[in-house]
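I opened a new notebook page for this one. Below are my entries, in the order I looked things up.

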Amino acid sequence: WHPSAMKHLKPLEAQKLLQEQPQAVFIDCRSEMEYLFVGHPVGAQHVAWNDGPDWEVNPHFVGQVKKIASMHRPVVLICRSGHRSIDAGLALEEAGFKEVYNILEGFEGPLDDSHHRGTLGGWRKEGLPWEQL
């Protein structure tokens, strides 16, 4: 076991890093339905950490990320609210990825008092570029 070197960035910090480091790879690790129908950050590639109907962890996640990114490129991870992306990032670190970033608040941000997302934080709330089918 080794301590995680993962860095945690707010959405605006992550966007800045992606602009300044074009070699960085941006991975959206939500389910396919979320990626397609809720929308996703512009430029993010989709690799699900877990997906319906059974929501088991994708055993091919690390391999699929390796196909997109070499282990020497920074990997920036986003999910809905910043939880799955931590688990996904730890798996990448265990596999030897050296520079892993987790986006705090995720795409939709945390739940507010009325159990809605998108009002308290997140990629979309910050007005960062995103697209939807």
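Before anything else, I fixed my burial terms: buried means under 20% relative accessible area, exposed means over 50%, and partly exposed is in between, with a 1.4 Å probe and protein chains only. I am working from a predicted model, where local features need pLDDT of at least 70 and side-chain atom pairs count only at pLDDT 80 or more, while totals for chains, interfaces and linings use all residues. Residues are numbered from 1 along each chain as its sequence is written, and side-chain values use heavy atoms, with hydrogens and water left out.

**Entry: Glu105**

I started with Glu105, and at 16% relative accessibility it counts as buried. I found Glu105 in the loop between β6 (100–103) and β7 (130–131). My helices (H or I, at least four residues) and strands (E, at least two) are DSSP runs, numbered from the N terminus.

What does the side chain of Glu105 reach at 2.7 Å? I looked, and the partner is the backbone nitrogen of Gly122. I also noted a polar contact of 2.9 Å between the side chains of Glu105 and Lys10. For me a polar contact is a pair of N or O atoms within 3.5 Å; within protein, one must be able to donate a hydrogen and the other to accept it, and residues adjacent in sequence count only if both atoms are side-chain atoms.

Then I listed contacts (heavy atoms within 4.5 Å). Leaving aside neighbours within four places in sequence, Glu105 touches several residues, among them Pro11, Arg80, Pro110 and Glu126. I also wrote down the phi of Glu105, which is near 75° and so positive in a residue other than glycine. Most residues other than glycine have a negative phi.

**Entry: salt bridges**

I use the term for a side-chain nitrogen of Lys or Arg within 4 Å of a carboxyl oxygen of Asp or Glu. How many salt bridges does the structure hold? I get 5.

One of them pairs Glu105 with Lys10, the closest N and O atoms being 2.9 Å apart. Glu105 sits in the loop between β6 and β7 and Lys10 in the loop between β1 (7–9) and α1 (11–20), so this pair ties together parts that are 95 residues apart in sequence. Lys10 itself is partly exposed, at 43% relative accessible area.

Next I looked at Glu34 and Arg84, whose side chains meet in a salt bridge at 2.9 Å, N to O. Glu34 lies in helix α2 and Arg84 in helix α4 (residues 84–94), so parts 50 residues apart in sequence are tied together. Are Glu34 and Arg84 buried or exposed? Both are buried.

My third pair is Glu108 and Arg124, a salt bridge of 3.9 Å, N to O. Both residues are in the loop between β6 and β7, 16 residues apart. Glu108 is buried at 13%, whereas Arg124 is partly exposed at 25%.

**Entry: helix α4**

I listed the buried residues of α4: Arg84, Ser85, Ala88, Gly89, Ala91, Leu92 and Glu93. These pack against α2, α3 (61–68), β5 (75–78) and β6. After α4 comes Gly96, with a positive phi near 110°.

**Entry: cysteines**

I call a pair of cysteine sulfur atoms within 2.5 Å a disulfide. By this rule I count 0 disulfides. Why is there no bond from Cys29? Its closest cysteine sulfur is in Cys79, 5.1 Å away, which is too far for a bond. Cys29 is buried at 0% relative accessibility, and Cys79 is buried at 1%.

**Entry: more of the β6–β7 loop**

I went back to this loop for Leu111. Leu111 is partly exposed, at 41%. Leaving aside neighbours within four places in sequence, Leu111 is in contact with His116, Arg117 and Leu120. I noted 9.3 Å between the C-alpha atoms of Leu111 and Gly121, which are 10 residues apart along the chain.

His115 is in the loop between β6 and β7 too. His115 is exposed, at 62%, and has a positive phi of about 65° although it is not a glycine.

**Entry: a cis peptide bond**

Last, I checked Gly52 and Pro53, which are joined by a cis peptide bond with omega of about 5°. Pro53 is in the loop between β4 (45–46) and α3. Most peptide bonds are trans.
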